[in-house]
Amino acid sequence: MSLAARYLLQNKTRLALSLLGVALALMLILLLDGLVRGMQRQITVYLANTPGSVVATQVGVRNLAADNSLLPPGTEDDIQKIPGVARAIPVLSQSVFFELHDRKIFAYLIGYDPAKGGGPWRLAQGREPRQGREVVVDQTLARLHGIKVGQTVEVGGYRFPVVGLSAGTNSWMTTLVFVRKVELERYLLIPGLTSFVLVEPQPGVSPQILKERINQLSGVTAWLKPELMAADLRIYEGFFQPLRLMRGIAFLVGVLVVGLVIYTATVERQREYGVLKAIGAGNARMYGLVLSQALVMAFLGALLAVLLAYLVAWLIMVLRPQFLVVLEPSAILLALLSGLGMALLSAIAPVWVVARLAPAEVFRR
Amino acid sequence: MKAQKTAAILRVEDLTKRYGSGTAEVAAVKGVSLEVAPGEVVLIMGPSGSGKTTLLSMLGALLRPSEGSIQLNGTVLTALSERDLPRFRLREFGFIFQDFNLLSALSALENVVLVAEMAGVPRKEARLRATEILKELRLDKRLQALPEQLSGGEKQRVAIARALINNPSLILADEPTANLDSSTGHEVSRLLRHIAKEQGKSVLIVSHDTRIQDIADRVLWLEDGEFKEARTLAIDPVCGMSVERTKSPTATWQGQEYFFCSKGCRSEFLLEPHTFIQGEA
Ligand SMILES: Nc1ncnc2c1ncn2[C@@H]1O[C@H](COP(=O)(O)OP(=O)(O)O)[C@@H](O)[C@H]1O
Ligand SMILES: [Mg+2]
């Protein structure tokens, strides 16, 4: 076993406590990152899961999440006539409050034409709306509030019978509810109203070219889907920033934990390090000795952090299903890289101590 | 045994070390010259603060002299760059310290193996070599023991094994017996002489311990940073320190003159002289 490993194992309590400290800091980084990813995924959930790679909105609209888009009448047909368009899917959307028995729920009503698409992409139960005011609601929402297929939900005095439950349709702080477009038009009292159109190009036609062609229409702005999703995400920057700041703080805490442990251990062992230098260890070996202790600690801490993060993320999502914490395999990479950064930064002070050690001091008592 | 080379292995010329600068400047070693032959055991004695440790540190390439030159095996040490010094120390010197300075996290065997590995010896071979040396030093049953589980004498023998593992040409020891009881100290000093004579290594010892005089081929007296001409030293019968005849308090008892390191030792002696000289006669 290497000297660095021996030094780490020499004080097992200290090693265990500092590993826990590093792991908790790294876990916090992973969870905060997972929470931001989860928020981002929820914010863009509709656009990410529906067909089409180009979206047409009302001109001047800056995003879909906060601005209201209303297209001029007939836009859908105009788009359908543009060469290269395979499919134009009109969608009417409206934020509403559902009155449930216990409270009001903020929901994003999606009015779509089941024959054209743009509806729920995964049904957990029941079927899509076929007639009247039939709706499909998110299964998590249904579970939280005890809504069952066959029951009705109420919006402003209108009753909507639930005919299906969709999966993966929770959005950030809201939930998607699917209804037939004609029914939503009727509810809003404006027949033929469309918010935006999802456009699918024909095979071999680039979305960029299609976007330019649609932009020729008056009163219409065309977006590549990723552009519109990014625009939606920008509105929530204000939420992400504090989370990123906290992630940075967690990183610093990790650096301080590793740094303090390695620093005190180095100062305690100054004499032995001096002996090593005296009997012939060069500076590179000395730095390696200190750095590898930091690296081993950060690496083990990272592995522990990944386990803890998956466990805590699972707990959060079981206890609070409306939150989405996204931990992808890249989380392991994030943990390892953050750990590496922690190790390198935390080794600065101890390396400085070791570099300053005068080997002749070993003869002094 | 190797044919005795006439050339000195260590050649020191006009070595000076000054600490500090300006009015605060202290010359700890002043123009010292010295030659040590292969297999020779040299003991350097002198009062506290006379520059012994400073001299030893310079000879071991741990401290740069202010002036003068040191040659070991033909290499001019003082001309080596800072980068090359550690490697040179690793291969050419064996260091032995008063407080052993073993690495507390490593077993006896690992303490020795580490130094061989540092010099580039593959682990397996390093373990074989270290085991062999430790066996010769009668530590075969203590290979896996941690330093804290070893007695003082055992620790110093492990340190000697560590000093020998890379087959250095010069062993430098600073007060190697000071932390050992007298019989263990005697054993360790005899061991050092044995190594010098059997393996042809030069051994340079700095010590207060007068018992080491028995095993030294040559005793040098350092005072105020300079070697004083060889003079007969006397041993303080109370504390066992070696003292200079010309400068120390004296007392005569039963027709014999005794020399002391201090007035304290002298008055202690005069209270009950026979208790101090029984062993001597
Ligand atoms: N690092 C240092 N800085 C300044 N003065 C020193 C230093 N090391 C030793 N000295 C001085 O040099 C002189 C010789 O010290 P030292 O070599 O330790 O003698 P010894 O080992 O014989 O006791 C003493 O006066 C001591 O105070
Ligand atoms: Mg000294």
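Cys265 of chain B counts as buried, at 10% relative accessibility. I start with this residue and its neighbours in a model that, I should state at once, is predicted. Cys265(B) takes part in no disulfide, and the nearest cysteine sulfur, belonging to Cys261(B), lies 3.7 Å away. Cys261(B) is partly exposed, its relative accessible area being 32%. Cys261(B) is likewise in no disulfide, with the sulfur of Cys239(B) as the nearest, at 3.7 Å. Why are these cysteines not counted as bonded? A disulfide requires two cysteine sulfur atoms within 2.5 Å, so a separation of 3.7 Å does not qualify. Over all chains, the structure holds zero disulfides.

I turn now to the nonpolar cores. The largest one comprises 129 residues, and those with the most contacts inside it are Leu276(A), Leu10(B), Leu59(B) and Leu204(B). Which element gives the most to this core? That is helix H11 of chain A, residues 283-319, with eleven residues. As a general point, nonpolar side chains in soluble globular proteins tend to be buried together.

Leu204(B) deserves a closer look. Setting aside residues up to four places away in sequence, Leu204(B) touches a set of residues that includes Leu10(B), Leu34(B), Val36(B), Leu59(B) and Ile171(B). Two of the residues named for the most contacts in the core, Leu10(B) and Leu59(B), are thus among the partners of Leu204(B). There is also a second, separate core of 21 residues, with Ala107(A), Val137(A), Phe160(A) and Val177(A) among its members.

Next, the cavities. The count comes to three of 30 Å³ or more, and the largest contains about 80 Å³ of space. Its lining draws on Ile279(A) together with residues of chain B, including Arg89(B), Phe93(B), Val115(B), Arg162(B) and Asn166(B). In chain B, helix H2 (85-92), strand S6 (93-96) and helix H5 (152-164) are the elements that each give two or more residues to this lining. The largest share, three residues, comes from S6(B). By class, the lining has seven nonpolar, two polar and two charged residues.

Helix H5 of chain B brings me to my last residue, Arg157(B), which is found there. Is Arg157(B) buried or exposed? Arg157(B) is buried, with a relative accessible area of 9%. Beyond its neighbours within four places in sequence, Arg157(B) is in contact with Leu137(B), Arg138(B), Leu139(B), Glu187(B) and Leu191(B). The contacts of this buried arginine therefore include another arginine, Arg138(B), and a glutamate, Glu187(B).

Terms used
Residues are numbered from 1 along each chain as its sequence is written. Chains are lettered from A and ligands numbered from 1 in the order in which they are written. This is a predicted model: local features need pLDDT of at least 70, side-chain atom pairs count only at pLDDT 80 or more; totals for chains, interfaces and linings use all residues. Side-chain values use heavy atoms; hydrogens and water are left out. On a 1 Å grid over the protein atoms alone, a cavity is a set of points where a 1.4 Å probe fits but cannot get out, and a pocket is an open set with protein on both sides within 12 Å along at least five of seven lines; lining residues have an atom within 4 Å of a point. Grid points are joined across faces, edges and corners, and a volume is the space filled by probe spheres set on the points. Helices (H or I, at least four residues) and strands (E, at least two) are DSSP runs, numbered from the N terminus. Ala, Val, Leu, Ile, Met, Phe, Trp, Tyr, Cys and Pro count as nonpolar, Asp, Glu, Lys and Arg as charged, and the others, Gly among them, as polar. Buried means under 20% relative accessible area, exposed over 50%, partly exposed in between (1.4 Å probe, protein chains only). A nonpolar core is a set of buried Ala, Val, Leu, Ile, Met, Phe, Trp, Tyr and Cys residues joined through side-chain atoms within 4.5 Å. Contact means heavy atoms within 4.5 Å.
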